[in-house]
2 protein chains.
Amino acid sequence: MKKINFPSEVGAGNSPLAAFVHSVYPVSDQVIHYINTHSVAKHAGRGDHLLKAGDVCKHLYFIQKGVIRGYVKDGSKEITTWISTENEMVTSIRGLHIQQPSVENIQAIESCELVAIPMDALHYLYDHFVEMNIVARRILEQYYGNAEDRAFISRIPNASKRYYHFLETQSNLANRISLKYIASYLGMTIETLSRIRGKQVKK
Amino acid sequence: MKKINFPSEVGAGNSPLAAFVHSVYPVSDQVIHYINTHSVAKHAGRGDHLLKAGDVCKHLYFIQKGVIRGYVKDGSKEITTWISTENEMVTSIRGLHIQQPSVENIQAIESCELVAIPMDALHYLYDHFVEMNIVARRILEQYYGNAEDRAFISRIPNASKRYYHFLETQSNLANRISLKYIASYLGMTIETLSRIRGKQVKK
């Protein structure tokens with residue numbers, strides 16, 4: 001992955017992560033400056049891994065452009081557990097609470113433009129700029145809801161209903177990413193997914 | 001559900017919720033006092049509902065004693081999406097971010113002793129005592145990880161592996177709650193669950 005440093009001044013050259021944080025809650029110039037000077041732009045090619053299972057995730061990534069998925073290996077099979085896109089942040093979710101080796105892999109499934117900030121810098125922000133906890137609380141409330149939705153969707157016994165629920169909640173991905181990732185995320189074969197989509201088109 | 005008010009003084013008579021909050025991050029006496037005066041003890045009998053789908057969840061509940069589950073109706077079938085127990089907090093997860101009608105039901109599956117605090121009071125705390133955002137951020141990081149784990153467990157194709165993962169992460173519940181809830185949570189029939197447990201005993 002290529003790295004590009006952001007300018008350290010507050011202003012037009014702000015890290016897109018700083019701009020996003022500010023849109024969640026109006027943080028101080030010091031926070032913007034700290035994010036600008038501690039985050040870097042990264043490019044990840046399609047198929048590149050940001051994290052492999054067994055490693056500790058040392059960064060949080062903000063997606064400016066592209067699509068990222070999380071997956072867990074079950075023998076030789078890959079189980080896709082989440083798919084994230086523009087203006088979302090990704091990291092090892094189970095590593096947020098305690099920095100420990102990840103059970104999941106994080107992979108770019110499109111060519112991606114990212115902003116990376118070290119987890120250490122994030123904790124510095126929490127400890128020294130209390131308003132960053134307001135930002136994090138608001139984002140986590142939303143992400144927690146989304147994770148619960150992922151826990152629900154996979155428990156729907158009927159494959160068609162799982163796909164329709166996916167369309168309701170993540171319709172932007174339905175015609176963007178490879179069917180194999182949607183099928184893996186929805187716990188069905190590509191053949192079943194194609195059949196369901198075929199029926200939908202006929203309607 | 002029966003309600004009991006907590007004493008308004010800071011001290012021995014604190015709400016168990018205030019004590020829990022303080023254990024996550026040392027909050028001020030004003031926060032403790034606010035929680036004491038805005039939370040009430042509640043008793044929920046086995047089978048009682050704290051929330052029905054379609055209603056807006058107006059409270060966050062802290063479980064002092066007992067077990068609570070969240071479930072979603074799929075036709076006449078109930079899909080258990082989470083199970084929580086002592087020292088955990090429950091509410092409509094999708095209602096945390098925006099107060100909107102819940103798609104899930106919340107039910108006591110054991111006789112429960114709870115502390116209830118209105119969502120309005122929680123938002124007052126966030127707005128007026130910034131350190132409550134530190135408490136919430138820490139709790140949400142953990143709960144987000146747990147929700148992600150629920151999203152993963154339900155995607156494991158093999159029923160035995162799902163049960164073993166459940167034992168690894170929530171072993172305290174394995175011999176405490178009715179098999180029907182474990183089976184519903186793990187997306188298998190009671191017969192399959194009994195067979196897996198039978199094999200495990202023989203080992």
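**Exercise 1. Explain why the two copies can be said to meet through the same surface, and describe that surface on chain B.**

Step 1. Of the interface residues of chain B, 100% are also interface residues in chain A, so the copies meet through the same surface; two residues are in contact if their C-beta atoms, placed from the backbone, lie within 7 Å. The structure is a predicted model, in which local features need pLDDT of at least 70 and side-chain atom pairs count only at pLDDT 80 or more, while totals for chains, interfaces and linings use all residues. Residues are numbered from 1 along each chain as its sequence is written, and chains are lettered from A and ligands numbered from 1 in the order in which they are written.

Step 2. Counting the contacts, 29 residues of chain B touch 29 residues of chain A. On the chain B side, two or more residues are given by each of β5 (68-74), β6 (77-84), α3 (93-97) and α5 (131-153) of chain B, where helices (H or I, at least four residues) and strands (E, at least two) are DSSP runs numbered from the N terminus. The largest share, 15 residues, comes from α5(B).

Step 3. Sorted by class, this side of chain B has 15 nonpolar, seven polar and seven charged residues; Ala, Val, Leu, Ile, Met, Phe, Trp, Tyr, Cys and Pro count as nonpolar, Asp, Glu, Lys and Arg as charged, and the others, Gly among them, as polar.

**Exercise 2. Identify the symmetry relation between the chains.**

Step 1. A turn of 180° with a shift of 0.0 Å along the axis lays chain B on chain A with an RMSD of 0.0 Å, the superposition being by least squares on the C-alpha atoms of residues with pLDDT of at least 70 in both copies.

Step 2. That is the relation of a two-fold axis. In chain B, the C-alpha nearest the axis belongs to A151(B), at 1.8 Å from it.

**Exercise 3. Describe how chain A is divided and how its parts touch.**

Step 1. An automatic or database domain assignment supplies the bounds, and chain A is divided into domain 1 (2-132) and domain 2 (154-203). The C-alpha centres of these two domains of chain A lie 27 Å apart.

Step 2. Eight residues of domain 1 of chain A are in contact with eight residues of domain 2 of chain A. On the domain 1 side, strand β6 (residues 77-84) of chain A gives the largest share, four residues, and by class that side has four nonpolar, two polar and two charged residues.
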